[in-house]
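Student: I'd like a close look at a single part of this structure, please. Could you choose one spot, set it in its surroundings and talk me through it step by step?

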Amino acid sequence: MSTILFDKIVFGPVKSRRLGVSLGMNLLPPDGKFCSFDCIYCECGLNDERKTTTRLPTREEAKKQLEETLLAMQAEGTVPDVITFAGNGEPTMHPQFAGIIDDTVELRNNYFPKAKIAVLSNATMIKRKSVFDALLKVDDRILKLDSVLDSRIQQLNAPYSPSFTYEWLVENLKIFEGNLTIQTMFLNGEHKGESVSNMTEEEISGWINALKEIKPRQVMIYTVERETPVKELKKATKEELDAIADRARKEGFDVSVSY
Ligand code: SF4
């Protein structure tokens, strides 16, 4: 397995398929993964294979590294489009997530006021008030919805909490009142002898109905880009992604596609 881990708190800037020139923030351990999902396509690897005993970075460490990086970027004239929280797992699981967001907003305003702040999240922590409130302080909350079928969510995302269901997810995403981006990974292939395609007619029509309920201001669809820990997964084709995007656009959604 040659999936990747980020070995620092601040990484990049990198040119992101979805976000432009992105400076990454990894609030998770540098030598392992920490996530409330265990997605079979995760670029960081499967949880069992990426166990860590390293502590999470502190709020102070995150602020110091981010400020040092922004100062260096300013000195060399590199301007980030976005500061993106992602990394080796689920950023909102960090117990000081809300404070770190406050620090990041302050530093962004001081050094690169035009840069956006984005959080890529699996949405498992959005019921926690401090997380919800912090997510409302950033420019882009990019929240995951990979399937409308609980069986597929179990297969693709393997959430740790038994109370994480499709119904729970949609009800809680609706609380953002449309002020969010939905991200969906579409893929083909198989796992343990069963199809993993979340592009059946049942799934796509259900997904469009879910969008109509959630009313996101933007939708990002994408597919496998790098090596996945489960080898039998396959990229969705450009034609498949374009067809899904077209259907969502016909319903009035603003959809971006990363191939
Ligand atoms: S939610 Fe993200 S970090 Fe967590 S397992 Fe899935 S892809 Fe990996």
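**A close look at Ala 123**

Tutor: Happy to. The protein chain in this predicted model has seven helices and eleven strands. Before zooming in, let's look at the overall shape. For 259 residues, the compact-globule rule gives a radius of gyration near 18 Å, and the protein chain has 18 Å, so rule and model agree. Along the principal axes, the C-alpha trace spans about 50 × 40 × 35 Å. Of the 259 residues, 56% are buried. Sequence-distant pairs also feature strongly: among contacts between residues at least 6 apart in sequence, 74% join residues at least 24 apart.

Now to the spot I picked, Ala 123. This residue is found in the loop between strand β4 (116-121) and helix α3 (129-137). What caught my eye is the backbone: phi of Ala 123 is near 75 degrees, a positive value in a residue other than glycine. For context, most residues other than glycine have a negative phi.

Is Ala 123 buried or exposed? The relative accessibility is 0%, and because the cut-off for buried is under 20%, Ala 123 counts as buried. Setting aside neighbours within four places in sequence, the residues in contact with Ala 123 are Leu 143, Trp 168, Leu 169 and Leu 173.

From here we can step towards the ligand. Ala 123 and Lys 144 are 21 residues apart in sequence, yet their C-alpha atoms are 6.4 Å apart in space. Lys 144 is one of the residues around the ligand, and Asn 122 is another. Also on that list are Lys 33, Cys 35, Phe 37, Asp 38, Cys 39, Tyr 41, Cys 42 and Gly 89. By class, this shell has five nonpolar, two polar and three charged residues. The ligand itself sits in the largest pocket.

It helps to set Ala 123 beside another positive phi. Lys 192 has a phi near 50 degrees, and this residue is not a glycine either. Lys 192 also lies in a loop, here between strands β7 (187-191) and β8 (194-195). The surroundings are another matter: with 75% relative accessibility, and so over the 50% cut-off, Lys 192 counts as exposed, whereas Ala 123 is buried.

One more backbone detail is worth a glance while you have the torsions open. The peptide bond from Gly 12 to Pro 13 is cis, with omega near 10 degrees. In general, most peptide bonds are trans. Pro 13 is found in strand β1 (residues 10-16), whereas Ala 123 and its positive phi belong to a loop.

So, to draw the picture together: Ala 123 has a positive phi, counts as buried because its relative accessibility is 0%, and has its C-alpha 6.4 Å from that of Lys 144, a residue of the ligand's surroundings.

Note on methods: Residues are numbered from 1 along each chain as its sequence is written. This is a predicted model: local features need pLDDT of at least 70, side-chain atom pairs count only at pLDDT 80 or more; totals for chains, interfaces and linings use all residues. Side-chain values use heavy atoms; hydrogens and water are left out. A residue is near a molecule or strand if one of its heavy atoms lies within 4 Å of it. On a 1 Å grid over the protein atoms alone, a cavity is a set of points where a 1.4 Å probe fits but cannot get out, and a pocket is an open set with protein on both sides within 12 Å along at least five of seven lines; lining residues have an atom within 4 Å of a point. A molecule sits in a cavity or pocket if more than half of its atoms lie within 2 Å of its grid points. Ala, Val, Leu, Ile, Met, Phe, Trp, Tyr, Cys and Pro count as nonpolar, Asp, Glu, Lys and Arg as charged, and the others, Gly among them, as polar. Helices (H or I, at least four residues) and strands (E, at least two) are DSSP runs, numbered from the N terminus. The radius of gyration is taken over C-alpha atoms; the globule rule is 2.2 Å times the number of residues to the power 0.38. Buried means under 20% relative accessible area, exposed over 50%, partly exposed in between (1.4 Å probe, protein chains only). Contact means heavy atoms within 4.5 Å.
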